[in-house]
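Work through the exercises below with the structure open. Each task comes with a worked solution.

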Amino acid sequence: MRVFLYGFCLGICLVGEWSWSVDFEKEIKPFLEAKCLGCHNPNIKKGDLSFSSRTEVLESGHGLVTPGDAGASDLWLAATPDEPGGQPSMPKDGEPLTDSEAALLEKWIDEGAQWPEGLVLREASKTDKSWWAYRKLTPAKFDSVDRYIDEKLEEAGLERNPEANRRDLIRRATYDLTGLPPSPEEVDAFVASKDPDAYPKLIDRLLASPRYGERWGRHWLDVIRYGESNGFERNFIINELWPFRDYVIRSINQDKPFDQLIREHIAGDVFAKGDPEVAIGSAFLVAGPYDDVGNQDPNAKAQIRANTLDEIVNATGEAFLGMTLGCARCHDHKFDPILQKDYYQMSATFAGVRHGRTTLATPEERRLRDEKLKPLQVRVASLTSERSKLRRVIARRIEEKLPEYEKEWTRPKVDRTGTEEKFDPVDARFVRLICDANDARPEGKNFRLDEVEIYSAGDNPQNVALASAGGKAVGDARKIEDFPGAYGAHLVIDGKTGERFISTSNQITIELGQPTRIDRIVFSSAKGERISQHSKFSFLADYRIEVSLDDEKWVEVANGADRQPVNKAHRDHRLMLVETTAEERKENALLTAEINRLNSEMKKIPELPVVWMGTRNAGDAKGPFHLFIGGSPQRKGESVVPASLSTLSEVTPGYRLPEDSSEAERRLRLAEWITHPGNPLAARVLANRLWHYHFGTGIVDTPNDFGYMGGRPSHPELLDFLAHELKRNGWQLKAMHRLIMLSSTYRQSSGYREAAAQKDGDSRLLWRFPPRRLSAEEIRDTILAISGKLDEKMGGPGFRLYHYMSDNVSTYEPLDEHGPETYRRAVYHQNARSSVVDLMTEFDQPDCALSTPRRARTTTPLQALTMLNHDFTLDMAEALADRVGAGLPSEQASRLFRYAYVREPDEVEQKQVAEAIETTGLRSVCRAILNSNELIYLD
């Protein structure tokens, strides 16, 4: 027998009368959200039940709740045990209702199950708006980095290391700010300097170097998932995105306020129209991967579009806010206070953004080009009008004679699934199919075929064209490097369909295994295809079939002249050839020649710059917008409008735009909201990134995630101090570098102390400077620099360390040899997604399919094998040997150490290296130096 009454609640016996009415919002809502909504919400709906709204609970017809009678309500019956001490059937996982909660639920139902109108239940996230990252910045307690670090060290009973020696310090600072080694002369001058301001002056010099923007630009490009191919299965190369890379490097070198950079990334094309150097910043939106497969199924198309917007939303949330917004795509965020509605409000903000190329030029550049083009365009338009008039005269004659011609077209039009020609038996060794017009573009003479069948005459006809019967097919075909023969003529005689010969000329010839008497030919481009009208099956519209015994004398045995035209364009083309007089043909040729000449002149006028910045589609930006239940565009939920995230509503003024707001206004308002002075996240996240790149680990060790699943700050007050300083310095990074790098914390040595390591093995409290291995780019740039081969050219199109091949999909084949054209800094490499680049990939250069806020640091045998044996390192070893030059082995050893390690060898090292040079040669020793740990590790 089910137990209806439970113990005591708040000291009142539940058998007696309750002295108050149950408050649903305060007393029922919390435990329904915590214990029921995880399985029963609009996105999951286990048992086809949702408990999120009044309608779903009280009016669904499921019998969940019968107001006034708990004993007849499935919700209460499932949530309470049948017998005392038993287990309820729900929830299946997790804690059951407590006695007091069950009693409250019973009383609420018996009282009539009052549910406030409009109230929607949501599964509670692990955190709320009081989470540390979403609170206002705390006031600064100290005025220096060191005091915050010292406080934590003292609490742990630790103290920092003494200052690093000057050689280590200049090497550390130079790599940190430029990604390159200091020269031996720079090290000598710094070590010998007696100037007390030598170190601050060093930092200022490095920050003024154009190499600084290249180094820190690379960091930012990692964060914003910059890649120069579109990814996914086609993964085609993008050759017009490099201006954005140059913009990032230029902006960082100029010390552009970073809040301005953020605004330009989101809406630079909105507030800087006419200024390409700023507008290009909004290429951030389309710098990530996207699927361009062009699926024609409406549902799949909608899903791909939703995925594209999701990528932009994720990139924006991670880069600028340290928020994992994508986790709210299918439901409210499980861990952070981010509603599913928040996600779709931001998605609506970017609804008008499409990937693609666009012209980017100043008004003056456009005006000058238009001035050059206009007279040519006017002349072309006039000549085109004359030619059209001539053709209309011919067309009128055609219309008058059309009935006569139609009588001649006695056979059906060509059929892509199979067109048959029969003729009197004839002996042949060679058969030639000639295209006079194709069915997609009558002027075109190229075509596609999946099969050509040639049948022997007689009672037992056989397809003698087959390769298995000795047949051979010859024809000029489309060629692609990565799949030779993919579209070759051999495909028409393999007895299979699905793959096609794609011609680049107007004919194909088939040589039979032996002379044969034939009387029938069947050819097709879409045999067995359901949608034969697809453009990929383009076919012959007018054709001739010729045969020969010796491949020299040819006889026509069939043609398609008596077949009906495939469409009006084909009909007009066919009749235009017949009806045009010699005089008209001459006049048309003269007009066409002059038009072609003028078009050639126009092509000589340089095009305006085209960049991969995306396009803005007003149609996409039109509402209404909806929340997608479960993330599926096919399950539309409540409507949404472009608006700010509710997560920060208690610290930052929000905004809400009408559904018909312009696409530009939406992005502009979002950019202003992210960089609003009251928004604590943007400054916190950026300050943490700076710390991360200087010390190897951020104060929050998950730079893209400041939420519940991310790391906790090791020094929260220091993080807020840095955020305050960032804002106080106008969001300029160079001042922040000085603040961090002039601190004793940064300047300390990396020396290891066992006792300290026992307490803080990872040096999260920074009792020593964390040593690190150079990044992939730094390693390559260093090898080039010390070998004297580094080309310091800045900007422009990148170089490639792969051979790019593309047809419908792309192939990236790593180069074995890296020529001088590749000796630029690695930041200028044209990084393609899912491509392997020797040396770079081995040393953990990330794939740019996703944001990479932290580089992996692996140690693998392949690293050593590549460094030792790749042609690049062998070439650089030879270049380094040439730079070291001739001399005594001891002198060569000294110069080699200075170039590679910016120090002199000690007595033992000099002796050993000199002996090795004498024994194995200078080049071999240089090769060993390039493979040494000291070269690629930083103290």
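## Exercise 1: Unusual backbone angles

D551 has a relative accessible area of 41%, so this residue is partly exposed. Keep in mind that the model is predicted.

**Task.** Where does D551 lie, and what is its phi?

**Solution.**
- Step 1. Locate the residue: D551 sits in the loop between β11 (540–548) and β12 (555–559).
- Step 2. Read the angle: phi of D551 is near 70 degrees, a positive value in a residue other than glycine.
- Step 3. Set this against the rule: most residues other than glycine have a negative phi.

**Task.** Is L839 buried or exposed?

**Solution.**
- Step 1. Find L839 in the loop between β19 (810–814) and α26 (861–869).
- Step 2. Note its phi of about 80 degrees, which is positive although L839 is not a glycine.
- Step 3. Apply the cut-off: buried means under 20% relative accessible area. L839 has 5% relative accessibility, so it counts as buried.

**Task.** Which residues does a cis peptide bond join at P624?

**Solution.**
- Step 1. Place P624 in the loop between α18 and β15.
- Step 2. Check omega, which is about 0 degrees for the bond between G623 and P624; the bond is cis.
- Step 3. Recall the background: most peptide bonds are trans.

## Exercise 2: A helix and its surroundings

**Task.** Why is helix α28 described as largely enclosed?

**Solution.**
- Step 1. Take the helix: α28 covers residues 889–901, 13 residues in total.
- Step 2. Check its span. From first C-alpha to last, α28 reaches 17 Å, close to the 18 Å expected at 1.5 Å a residue.
- Step 3. Count burial: 10 of the 13 residues of α28 are buried, so the rest of the structure largely encloses this helix. Among them are P889, L896, F897, R898 and Y901.
- Step 4. Look past the end. Just after α28, V902 takes a positive phi of about 45 degrees.

## Exercise 3: Two helices in contact

**Task.** At what angle do the axes of α25 and α27 cross?

**Solution.**
- Step 1. Pick out α25 (residues 776–786) and α27 (residues 871–884).
- Step 2. Their axes come within 8 Å and cross at roughly 30 degrees.
- Step 3. List the partners. R780, I783, L784, A785 and I786 in α25 meet F872, T873, M876, L880 and R883 in α27.
- Step 4. Sort the contact residues: seven are nonpolar, one is polar and two are charged.

## Exercise 4: Pocket and cavity

**Task.** Which helix gives the most to the lining of the largest pocket?

**Solution.**
- Step 1. Start with the volume of the largest pocket, about 780 Å³.
- Step 2. Find the centre. Of the 33 lining residues, A302, R305, A306, L309 and R354 are the closest to it.
- Step 3. Compare the elements. α13 (298–321), α14 (340–349), α18 (618–621) and β15 (625–628) each supply at least two lining residues. α13 gives the most, with seven.
- Step 4. Classify the lining: 14 nonpolar, 10 polar and nine charged residues.

**Task.** Which residues line the largest cavity?

**Solution.**
- Step 1. Note that the largest cavity holds about 100 Å³ of space.
- Step 2. Read the lining: W216, H219, W220, V223, I252, F258, L686, R689, L690, Y693 and L733.
- Step 3. Assign elements. α9 (210–223) and α20 (680–695) each supply at least two of these residues.
- Step 4. Classify the lining: nine nonpolar, one polar and one charged.

Notes: Residues are numbered from 1 along each chain as its sequence is written. This is a predicted model: local features need pLDDT of at least 70, side-chain atom pairs count only at pLDDT 80 or more; totals for chains, interfaces and linings use all residues. Side-chain values use heavy atoms; hydrogens and water are left out. On a 1 Å grid over the protein atoms alone, a cavity is a set of points where a 1.4 Å probe fits but cannot get out, and a pocket is an open set with protein on both sides within 12 Å along at least five of seven lines; lining residues have an atom within 4 Å of a point. Grid points are joined across faces, edges and corners, and a volume is the space filled by probe spheres set on the points. Helices (H or I, at least four residues) and strands (E, at least two) are DSSP runs, numbered from the N terminus. Ala, Val, Leu, Ile, Met, Phe, Trp, Tyr, Cys and Pro count as nonpolar, Asp, Glu, Lys and Arg as charged, and the others, Gly among them, as polar. The expected span of a helix is 1.5 Å times one less than its number of residues. Buried means under 20% relative accessible area, exposed over 50%, partly exposed in between (1.4 Å probe, protein chains only). Axes are lines fitted to C-alpha atoms, for helices over the stretch in contact, and angles run from 0 to 180 degrees between N-to-C directions. Contact means heavy atoms within 4.5 Å.
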